[in-house]
Amino acid sequence: MLFIRSAAGAGALAHAIATAFTPATSVAGAQDYRFEAAGPPVKSGRATVVKIRLVHIPDGKPVPGAVIFQTRFDMGPDGMASMTAPAKLVRSSDANLYQVEVEPQMGGNWALGLSAKVQGETETVSGSVPITIPK
């Protein structure tokens, strides 16, 4: 019985030591990231190009190389979330920016929803960026 108590105590001590010396970056999560607009939308033919930056909140630095796997463009901010428009990720010449081509049917307040995988994070990073399309 004494051995079991000692083994449990040793396990708890080992866990406490490992937790105390683990770098803070290993406990980061999806909540440590934010998508934000990187300038106003720019009309390009039929589409409008929206530039997005993914930021690591604790240090304020942009996050290059994330894999954006889901986009949604809707008029939720104007109370019409069911009104959606095509949104397609396109290559950006700037490694710190992500570009999305959207095709809104009308001007107004839109929301660009994004989901991404960030290297070293197990959780999916998701967020929404308000975008105003001129009327």
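Which residues does Leu114 touch, not counting residues up to four places away in sequence? In this predicted model, the contacts of Leu114 comprise Phe35, Ile52, Ile68, Gln70, Thr71, Val100, Val125, Ser126, Gly127 and Val129. Leu114 is also one of the residues with the most contacts inside the largest nonpolar core, a group that further includes Phe35, Leu54, Phe73 and Leu112. This core has 24 residues. Two or more of its residues come from each of strand S1 (33-37), strand S3 (47-56), strand S5 (67-75), strand S8 (98-102), strand S9 (108-117) and strand S10 (125-133).

Among these elements, S5, S9 and S10 also take part in an open sheet of four strands, which follows the order S6-S5-S9-S10 with antiparallel pairing. Strand S6 (80-85) and S10 occupy the edges; each has a single partner strand, so one side of each lacks a neighbour in the sheet. From one strand to the next, the twist averages 35 degrees. Within the sheet, seven bridges connect S5 and S9 in the antiparallel sense.

The pairing of these strands can be followed to Val67, which stands opposite Lys117 in S9. Gln119 is situated in the loop between S9 and S10. Although Gln119 and Val67 are 52 residues apart along the chain, a separation of 8.6 Å was computed between their C-alpha atoms. Gln119 has a relative accessibility of 80% and therefore counts as exposed, the cut-off for this class being over 50%.

Methods: Residues numbered from 1 in each chain as written. Predicted model: local features only at pLDDT ≥ 70, side-chain atom pairs only at ≥ 80, totals over all residues. Heavy atoms only, no water. Core = buried A, V, L, I, M, F, W, Y, C linked by side-chain atoms within 4.5 Å. Buried < 20%, exposed > 50% of the residue type's maximum accessible area, 1.4 Å probe, protein only. Contact = heavy atoms within 4.5 Å. Pairing = 2+ DSSP bridges. Axes fitted to C-alpha atoms, helices over the stretch in contact; angles between N-to-C directions.
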